[in-house]
Amino acid sequence: MSLPAAVLDALRDAVGPAHVLTDPDATGGYAIDWTGRFRGRTPAVVRPADSDEVARVLAACNEARVPVVPQGGNTGLVGGSVPGAGEVVVSLRRLDRIESVDPRAAQLTAGAGATIAAVQRAASGAGFRYAVDLGAREVATVGGTIATNAGGLHVLRYGPTRRQVVGIEAVLADGRTIRRLEGLEKDNTGYDLVSLLCGSEGTLAVVTAARLRVVPRLACTVTALVAFDSVAEAVDAVGTCRRDLDSLHAVELFLGDGLQLVCEHLALPRPFPDRHHAYLLVECAAATDPSEQLGDVVASLATARAVAVAVDDARRRNLWRYREGHTEAINQLGAPHKFDVTLPADRLAPFVDSIGDVVRAVVPEARVWVFGHAGDGNVHVNVTGVAPDDDAPAEAVLTAVARAGGSISAEHGIGVAKRRWLPLTRSATELELFRALKQAFDPRGILNPRVLVPPEP
Ligand code: FAD
Ligand code: MLT
Ligand code: ZN
């Protein structure tokens, strides 16, 4: 797993010797994913400072046919950001410059390494918001969220990352650069390469900067936690919220056993004296106070068993901890297998109710946790108590999803975790096109070669 001396020299020339890390103590953190399930080793972590340096790094690796893994915040949950087969890691974190918002266009330009929280702060400083928000906001980067087409908490209102991206600067495997950062909202000149790179998981090009839309900042936000006796009742309530709340900003689902785990692991008080089977976190945001509207709708839900409403930021944040704490609390049980799936709305409740039994039928000792973005039909099925390399949970969950007409990835991507199962929801013809695109962008196959695109059958 060592690099030819000429390649190391070229990398040091490109970024400066201080930014080529080879000591395993220094590279270790780049070679293990956030969950601890995906681990690897790398001969070098290269930390370019700008797109020219990225171009020189990629040109050198391409010339020598050295595979690379682009990496942003390394919060990805499908193993796509770690060097599982001794790849060079190209870390984009130093490309973190954010240019000020152009209020006339409602856009800003950010480097690939800027964190989502930093973009949110920049937007907010100019009276706007960045519409993408997710629990990993302090670490996840612009480049990583574009590469995974991240979803998050407000997809039902604003769409996923792809919808926020007006332009991209990206470096191809051979070091050539494409740059479309002018911010043209209308540009009908052929294939949409910008959109194609959204969700490409570092397999087609390395994103170095993006032109992003920002949306109006909404001054008033109110959050309600509502308890139900069944998932079906909660899912029906989602429909009511969608119909009756024009300020609906987020609708998140979690279950009683997940809430119990979060309260235990994060030492939180229980939200209600009684235990319930399913919970919805419903948030509204508007220019004027939506509390009354949300209160009326929640009061109209005949199936609601308990309700807590929070208007001030501190109490709202406390309610969000019950939902956002799931990822961290589950991880404390040991590296989970994470399945991030979407179901058609009419299949969501039966799927959630049955998926635990589906998994335990093949791995009896497994524990199954379900939570997610109910407003988008997107649930996260997490399985703990299983060896990291046991494929049985993936086979069971992803096959059940495909049978129910769903997608095996709603927002985290395919990575290495789900590549084998991509044919469940992508046809042979589509996969041929995937391979043709990969070949066109990256003929030597150096960019994230183990990720997303399955090999020829
Ligand atoms: P990384 O993990 O570094 O990389 C992810 C993928 O993108 C890899 O394939 C990598 O090769 C590629 N990549 C990274 N940077 C670039 C680049 N500049 N150019 C080309 N390819 C690149 N995801 C959601 O969608 N919704 C959520 O609600 C959500 N919540 C999360 C909460 C927590 C607590 C955690 C830990 C993760 C969560 N995630 C969520 C997953 C993760 O944050 C997203 O997938 C995010 O987009 C990854 O960004 P990153 O910068 O960490 O990318
Ligand atoms: C979430 O919605 O919390 C994230 O996608 C992270 C996860 O699935 O754990
Ligand atoms: Zn999510």
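A polar contact is a pair of N or O atoms within 3.5 Å; within protein, one atom must be able to donate a hydrogen and the other to accept it, and residues adjacent in sequence count only if both atoms are side-chain atoms. The model is predicted, so that local features need pLDDT of at least 70 and side-chain atom pairs count only at pLDDT 80 or more, while totals for chains, interfaces and linings use all residues. Residues are numbered from 1 along each chain as its sequence is written, chains are lettered from A and ligands numbered from 1 in the order in which they are written, and side-chain values use heavy atoms, with hydrogens and water left out.

**Exercise 1. Describe the polar contacts and the burial of ligand 1.**

Step one: threonine 148 places a polar side-chain atom 2.8 Å from an oxygen atom of ligand 1.
Step two: the backbone also takes part, since a polar backbone atom of glycine 72 is 2.7 Å from a ligand oxygen, and a backbone N or O atom of glycine 76 lies 2.7 Å from an oxygen of ligand 1.
Step three: the protein buries 96% of the 970 Å² that ligand 1 exposes when taken alone (accessible areas come from the Shrake-Rupley method with a 1.4 Å probe).
Step four: the largest share of the shell, five residues, comes from α5 (helices are DSSP runs of H or I with at least four residues, strands runs of E with at least two, both numbered from the N terminus).

**Exercise 2. Identify the side chains that hold polar contacts with ligand 2, and state how far the protein covers this ligand.**

Step one: an N or O atom in the side chain of arginine 323 is 2.7 Å from an oxygen of ligand 2.
Step two: for threonine 327 the corresponding distance, from a polar side-chain atom to a ligand oxygen, is 2.8 Å, and for a side-chain N or O atom of histidine 380 the distance is 3.0 Å.
Step three: of the 260 Å² of accessible area that ligand 2 has on its own, the protein covers 85%.
Step four: α11 (313-331) and β16 (367-373) are the elements that give two or more residues to this shell.

**Exercise 3. Work out the strand order of the open sheet, and explain what is special about its edges.**

Step one: the seven strands are ordered β14-β11-β13-β12-β16-β17-β15, with antiparallel pairing (two strands pair if DSSP finds at least two bridges between them).
Step two: because β14 (306-310) and β15 (337-342) each have a single partner strand, one side of each is left without a neighbour in the sheet.
Step three: within the sheet, β12 (248-255) and β13 (278-286) pair over seven bridges in the antiparallel sense, and alanine 250 stands opposite glutamate 283 in β13.
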